[in-house]
Amino acid sequence: MRHRFSVEIKKQLPGFALDVSWTAGDGVAVLFGPSGAGKTLTLQCLAGLIRPDAGRVVIDDRVLFDAAAGVNLPPQQRRVGYVFQSYALFPHLTVAGNVGFGLRDRSRSERERRVAEVLERLDLGGLADRRPSELSGGQRQRVALGRALAIDPALLLLDEPLSALDAPLRRALRDELRSILSGWGTAAVLVTHDFTEAYRLADRIIVYENGRVIQAAPRSELLWQPASEAVARVMGLRNVLHGVVVKSMPDRIQIAWRGHTLEAVNSPTRTYLPPPETPIAFFIRPEYVRLVRKDRSLDAAHHMNRMRGTVVGETDFGTVWSLRLRLDTPGEPVQGDFDLEVEVPHLVYEILEIDRDRQWDFSIHRGSIHVLPT
Amino acid sequence: MSLDAASALGLSIRVAIAATVLNALIGIPLAYLLARRSFRGRALVDLVVTLPLVLPPTVTGYYLIVLLGRRGWLGGPVYALTGWSVAFTWYAAVIAATVMALPLLVRTARAAIESVDRELEKAAFTLGRSEWRTALEVTLPLARNGIVAGLVLAFARALGEFGATLMLAGNIPGKTTTVPLAIYTAVQTGEMNEAILLVLALTALSCLVLVLAGRLGARAT
């Protein structure tokens, strides 16, 4: 079944204003952004638990809310499944009681059949008579999912569904959740502030910041072409830098930065041709900066955007080291006491003896310099 | 045990049970409303319900006379119409005990209801339950321990009610003389054996109630 929903919500709270508008379709839409950006508030508006001041919410041609037309379906009539951050399982009911809670209007036999079916599909078969307090974190999550899915919702909402779990379980359940969601085929909106989680679970990512949507795009587009500096910062991207356009062509952009002229690939899907002298933001992923080995002859074709710098600081992250490089060109460093953060694998750090040798040539492939149009 | 003592004990138990039932009927919905709804006059309702907890029982009793007595705001018209007044009947003892016990139930039950996670109620809404059904199926069952504790307190309070009962129901042997009133009368008239008997009976009854309540509470968790 093809799903289509559009969301337009305005809500004024003391000290916070939500004003968002986005659309999504089949699969999982992830609302991604920092805490307090309005993601959970949006979910509550979708579920009918909070009434927006203005806007319109339509799911598969069904109008759930329309301020102008005076439509506001109560949560009971929305057929929207909600998986709460804390799971909100009813502690006084069994697993079967929880999963069957939304099926009250069905006959007893049909309810039992549906509960058994849901428990089976979610691999909870043997736990029907347990209480939530007797379950592990992962089982609770599946019960919460099952309870919301049992009503065959038009839309499934998940609020930080993995945040109640500890790290190793979190990774495993992230992938399990993905397969459950795709297996079930229900359109879903999921909230998270963790980009890896957003990327793993999303088909489409909607980036929230301070009550507004700053980008809505398929997940790979967001990863490789963040729309703006604000999006890059919300994503936690490092080495977000500012330069000046030297020359722009449909496939390349040259940028003057810290005494160098860097060459970057222009976005293939955007026709962004800023005139010379335009200030421009861009970012360089630290793991894509390549150190030039001194013990090998230089293959110039392999190394573009070459620069020289000094390691002025470093942090040991176990399997990788983060180096802070200061360019040798004159002028103030742009990120505090350094210009560029570079990430190298632990092994490379040891082989190159970076702890002793602090002066390095390095290069950046033009495909690894990402322009951020404003 | 003398006939009077036995009838006092029987009356006390009847009054306390009736007052507890009335408390449950009035107090639990009231506690829910105070915990979960905001409405005009909520603070006033809270104040009026709580007042008997801090006022001297005789003052509460006096207000009850003003309200329900033969010339009271409510009692007056009823008397004029029917020639009957609730004052000095065993119903009056029930009303006095109910009013005195109500704040104990309402406060305890309200705190228990407020401590129920609101997300559970929201979850019930998204699963199709009305607020009314949610209260019955989620909120009140989860607040059960607190509500039971409140009912036990209310029962114990009703059993021991003295001042307000004396004001509104009087001290009519066999009719409105509950155990606390009978103890007072016995001590005043020097019938110490009777007094001791009733004191022990009331103590035993109170202990029984507390033990039963403890069992109930333990089972509910």
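Start in chain A by selecting helix H3 (residues 108-121) and helix H4 (residues 137-150): their axes come within 10 Å and cross at roughly 135 degrees. That angle is why H3(A) counts as oblique to H4(A). Turn the view and look at the handedness too, since you will find a right-handed crossing of H3(A) and H4(A). As you explore, keep in mind that this is a predicted model.

Now show the side chains where these two helices touch. On H3(A), pick A:Arg114, A:Val115, A:Val118 and A:Leu119; on H4(A), pick A:Gly146, A:Leu149 and A:Ala150. Colour them by class and the contact of H3(A) with H4(A) splits into 5 nonpolar residues, 1 polar and 1 charged.

Next, zoom out to the whole of chain A. The domain assignment gives domain 1 (4-228), domain 2 (233-283) and domain 3 (286-366), so give each one a colour. How far apart are the centres of domain 1 and domain 3 of chain A? Taken over C-alpha atoms, 43 Å separate them.

Stay in chain A and select A:Ser228. This residue sits in the loop that runs between helix H7 (219-224) and helix H8 (229-234) of chain A. Is A:Ser228 buried or exposed? The answer falls in between: A:Ser228 counts as partly exposed because it has 16 C-beta neighbours inside 10 Å, and a buried residue needs 20 or more.

Which residues does A:Ser228 contact, once neighbours within four places in sequence are left aside? Select A:Ile214, A:Leu372, A:Pro373 and A:Thr374 to see them. One of these, A:Ile214, is 14 residues away from A:Ser228 in sequence, and the C-alpha atoms of the pair are 8.1 Å apart.

Time to move to chain B. Switch on the cartoon view and you will see 11 helices and 0 strands. Along its principal axes, the C-alpha trace of chain B spans about 65 × 45 × 30 Å. Of the 221 residues in chain B, 42% count as buried. Among contacts in chain B with a separation of 6 or more, 73% are between residues 24 or more positions apart.

For the last stop, show both chains together. Here 14 residues of chain B are in contact with 17 residues of chain A. Highlight helix H6 (118-126) and helix H7 (131-142) of chain B, as each supplies at least two residues of the side that touches chain A. The largest share, 6 residues, comes from H6(B). By class, this side of chain B has 7 nonpolar, 3 polar and 4 charged residues.

Note on methods
Residues are numbered from 1 along each chain as its sequence is written. Chains are lettered from A and ligands numbered from 1 in the order in which they are written. This is a predicted model: local features need pLDDT of at least 70, side-chain atom pairs count only at pLDDT 80 or more; totals for chains, interfaces and linings use all residues. Helices (H or I, at least four residues) and strands (E, at least two) are DSSP runs, numbered from the N terminus. A residue is buried if 20 or more other C-beta atoms lie within 10 Å of its own, exposed if 12 or fewer, and partly exposed in between; C-beta atoms are placed from the backbone. Two residues are in contact if their C-beta atoms, placed from the backbone, lie within 7 Å. Ala, Val, Leu, Ile, Met, Phe, Trp, Tyr, Cys and Pro count as nonpolar, Asp, Glu, Lys and Arg as charged, and the others, Gly among them, as polar. Domain bounds come from an automatic or database domain assignment. Axes are lines fitted to C-alpha atoms, for helices over the stretch in contact, and angles run from 0 to 180 degrees between N-to-C directions. Angles under 35 degrees count as roughly parallel, over 145 as roughly antiparallel, 65 to 115 as roughly perpendicular and the rest as oblique. A crossing is left-handed if the near helix is turned anticlockwise from the far one by less than a right angle, and right-handed if clockwise.
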